[in-house]
Amino acid sequence: MQPPPSEYDERIHLKNGTPVLLRPIRTSDGPLILDIFSKLSPESVFFRFLTHLERLPPEMLYHLVHIDYGKDFALAASIEEKGRESLIAVCRYFDHGEGRAELTIAVRDDYHGQGLGKAMVSRVVGIAKAKGYTRVEIIFDSRNENMKKLFSGLGYPFYYHASILDICDRMEIDLTRKKPDGP
Ligand SMILES: CC(C)(COP(=O)(O)OP(=O)(O)OC[C@H]1O[C@@H](n2cnc3c(N)ncnc32)[C@H](O)[C@@H]1OP(=O)(O)O)[C@@H](O)C(=O)NCCC(=O)NCCS
């Protein structure tokens, strides 16, 4: 298993001026993942995991922090809060085979609408592209208008597949054909 690469560390500012460090997830991030999970609204938990979860099962937490950076990737948004580090978003992809990666993201509710989701998704998609993936897909609740807008606005041709398993939709972008006017 390859360790977290440090070349992806980057400092950005949100629309409200909050300074944020973007960095890969580490195996020691378990307590920070539990903290951000506890601060997500039930709707955000459902939209992220596509199921109702009151707490993160230990085996799920294990997989969220043990990333094989040879094929998968997980980027965290870190801030200093009350004198210590907190995570306010995590965006990841995992290998789905045949050049496809599946992406997920969760932004803490009190930081929605600050440009963080878009900043992280576009970086993580760029990393997937640099690693040789040709398609990135998301599976999402069809009521999730914010994710639909975000993903379709990345500047890549996208394809919409309605009703996977009758509960959620799937969108994929083609990384081989970025629109010339895309961001
Ligand atoms: C979907 C989600 C990631 C968006 O993150 P965010 O940081 O709030 O999004 P951004 O501020 O970067 O906004 C991205 C785009 O989404 C839309 N958007 C986001 N929040 C919005 C809001 N409150 N009202 C209207 N549009 C909104 C806008 O079109 C925006 O693009 P623009 O800034 O160019 O206008 C966030 O709502 C979230 O974490 N939801 C819960 C988990 C989830 O749904 N995950 C997706 C499935 S894995």
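1. In this predicted model, strands S4 and S5 form a hairpin in which 2 residues separate the strands. Glutamate 98 lies in the turn and has a positive phi of about 50°. The pairing of S4 with S5 is antiparallel and extends over 8 bridges. Within this pairing, valine 90 is placed opposite alanine 106 of S5.

2. Strand S4 (residues 84-97) is also joined to strand S3 (residues 73-81), by 9 bridges, and the two run antiparallel. S3 and S4 likewise form a hairpin, with 2 residues between them. The turn contains lysine 82, for which a positive phi of about 50° is computed. Across the pair, isoleucine 79 faces serine 86 in S4.

3. A further hairpin is formed by S1 and S2, with 5 residues between the strands. Here the turn residue with a positive phi is glycine 17, at about 90°. Strand S1 (residues 10-13) and strand S2 (residues 19-24) run antiparallel and are joined by 4 bridges. Glutamate 10 stands opposite leucine 22, the latter belonging to S2.

4. Turning to helix packing, helix H1 (residues 30-38) packs with helix H3 (residues 58-65) at an angle of about 115°, and their axes are 10 Å apart. H1 is therefore roughly perpendicular to H3, since angles of 65 to 115 degrees fall in that class. The crossing of H1 past H3 is right-handed.

5. The contact between these helices draws on Gly30, Ile33 and Leu34 from H1, and on Leu61, Leu64 and Val65 from H3. By class, the residues of this contact comprise 5 nonpolar and 1 polar, with no charged residue. The polar member is Gly30, as Gly is counted among the polar residues.

6. The ligand is surrounded by 21 residues. Those that come nearest are Phe47, Val107, His112, Gly117 and Lys118. The shell around the ligand divides into 9 nonpolar, 9 polar and 3 charged residues.

7. Which helices and strands each supply at least two residues of the shell around the ligand? They are helix H2 (42-49), strand S5 (100-107), helix H4 (116-130), strand S6 (135-141) and helix H5 (145-152). Strand S5 thus appears in two of the descriptions above: S5 contributes to the ligand shell, and S5 pairs with S4 in the antiparallel sense.

Methods
Residues are numbered from 1 along each chain as its sequence is written. This is a predicted model: local features need pLDDT of at least 70, side-chain atom pairs count only at pLDDT 80 or more; totals for chains, interfaces and linings use all residues. Axes are lines fitted to C-alpha atoms, for helices over the stretch in contact, and angles run from 0 to 180 degrees between N-to-C directions. Angles under 35 degrees count as roughly parallel, over 145 as roughly antiparallel, 65 to 115 as roughly perpendicular and the rest as oblique. A crossing is left-handed if the near helix is turned anticlockwise from the far one by less than a right angle, and right-handed if clockwise. Two residues are in contact if their C-beta atoms, placed from the backbone, lie within 7 Å. A residue is near a molecule or strand if its C-beta atom, placed from the backbone, lies within 6 Å of it. Two strands pair if DSSP finds at least two bridges between them.
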